[in-house]
Amino acid sequence: MPINEAKYIWMDGKLIPWQEAKIHILSHVIHYGTGVFEGLRCYKTKKGPAVFRLKEHTERLFNSAKIYRMEIPYTKEEINKAIIETIKANGLEECYIRPIVYRGYGEIGVNPFGCPVCVAIATFYWGKYLGSQATEEGVDVMVSSWNRMAPNTFPAMAKVCANYMNSQLIKMEAVTYGFVEGIALDIFGFVSEGSGENIFLVKNGKLYTPPLNATILPGITRDTVIRIAKDLGIEVIEMMILREFLYIADEAFFTGSAAEITPIRSIDRIKIGDGKVGPITKKLQEEFFAIVNGEKEDKYGWLTYL
């Protein structure tokens, strides 16, 4: 999906014209994947633009950096302020937000400590991640032949650039075979997540999702759905999920800041439920979008208005 360019990108404390936001080819991040990043959305509401779960995303950004021993040269409050500043500078009522912290130009070699820690924030319009009609019609996906990484290899709890090479293998395989997305299993054969999304299943009115020890990213939209579901009286069960459970689920859907809540209508060409958006998925979608669009009271304090 082509990038919708905006006017400015925030880089190390300054707003830079979009086309001038560049780094050196020998920056450490390019050669070794030493960057951590976030993805979050700003929604258009009746009260004006509002960033969804800003504090939680920034907290996860700092957690990811901490795991990789990267000292971010700004406070969380400064990053939050910079995100809002960049949205305003670009004049966007709704947008996708991509903060990234990375090792810049300084030294070559695996040891990153001699390289500066740099920060950039981009804001731009981005539509439905898995397709324009994905949230209404659902998507066709496959179980990938590529597994998620083993524990104690690449930390799954860190949203780090290097991990997304694994995600690219999953995504490219799915697209090559005519699917929209792939579902990865962990090294033990249990369901993990999509290439860039967490996954939920519905069976007999209950909501199932893999736990953190299934090598998943602790998704903020995942957490959002769990909290909304519990408030709606839907039982949520975090458990290791067998591959075959995917096929017999009544409903299935992905969650993520980019994907939001996207129904899955088939897995490996096996229809899930009746192949349409299921009632529980639909209810969760309605609650989620009512909150983020400012149509319903934000009792959770998830929206930060500009």
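Visitor: Is Asp223 buried, partly exposed or exposed?

Guide: Start with the cut-offs: buried means under 20% relative accessible area, exposed over 50%, and partly exposed in between, using a 1.4 Å probe and protein chains only. Asp223 has 30% relative accessibility, so Asp223 counts as partly exposed. Before we go on, this is a predicted model, where local features need pLDDT of at least 70, side-chain atom pairs count only at pLDDT 80 or more, and totals for chains, interfaces and linings use all residues. Residues are numbered from 1 along each chain as its sequence is written, and side-chain values use heavy atoms, with hydrogens and water left out.

Visitor: Which side chain does Asp223 meet in a salt bridge?

Guide: A salt bridge here is a side-chain nitrogen of Lys or Arg within 4 Å of a carboxyl oxygen of Asp or Glu. Asp223 pairs with Arg53, at 2.9 Å from N to O. Arg53 sits in the loop between strand E5 (48-52) and helix H2 (54-67), while Asp223 is in helix H6 (residues 220-231), so the pair ties together parts that are 170 residues apart in sequence. Those labels are DSSP runs numbered from the N terminus: helices are H or I with at least four residues, strands are E with at least two. Arg53 counts as buried, at 3% relative accessibility.

Visitor: How many salt bridges does the whole structure have?

Guide: The search finds 16. Another one links Lys44 and Glu93, whose closest N and O atoms are 3.5 Å apart. Lys44 belongs to strand E4 (residues 40-45) and Glu93 to the loop between H3 and strand E6 (95-103), so this pair ties together parts 49 residues apart in sequence. Lys44 is partly exposed at 45% relative accessible area, and Glu93 is partly exposed at 45% relative accessibility.

Visitor: What separates Lys283 and Glu287 in helix H8?

Guide: First the general idea: an α-helix has 3.6 residues a turn, so residues three or four places apart point the same way. Lys283 and Glu287 are four residues apart in H8, which means about one helical turn separates them. They form a salt bridge too, with the closest N and O atoms 3.6 Å apart. Lys283 is partly exposed at 37% relative accessibility, whereas Glu287 is buried, with a relative accessible area of 13%. Salt bridges can also share partners, and that joins Arg53, Glu56 and Asp223 into one network.

Visitor: How many residues of H8 are buried?

Guide: Ten of its 14, so to speak a mostly covered helix. Among them are Ile280, Leu284, Phe288, Phe289 and Val292. For helix length, the expected span is 1.5 Å times one less than the number of residues. H8 (residues 279-292) should span 20 Å, and its end C-alpha atoms are 20 Å apart, which agrees. Helix H3 (residues 76-89) also has 14 residues, an expected span of 20 Å and end C-alpha atoms 20 Å apart. Its buried residues include Ile79, Asn80, Ile83 and Ile87.

Visitor: What phi does Gly91 take, just after H3?

Guide: A positive one, about 60°. Gly294, which follows H8, has a positive phi as well, near 75°. Most residues other than glycine have a negative phi. Asp12 has a positive phi near 50° without being glycine, and is found in the loop between strand E1 (8-11) and E2. Asn204 is not a glycine either, yet has a positive phi of about 55°. Asn204 lies in the loop between strand E11 (198-203) and strand E12 (206-209), and is exposed with a relative accessible area of 65%.

Visitor: And the chain as a whole: how many helices and strands does it have?

Guide: Eight helices and 17 strands. The radius of gyration is taken over C-alpha atoms, and the globule rule is 2.2 Å times the number of residues to the power 0.38. For 306 residues a compact globule would come out near 19 Å, and the chain has 19 Å, which agrees. Its C-alpha atoms fill a box of roughly 55 × 45 × 30 Å along the principal axes, and 52% of the 306 residues count as buried.
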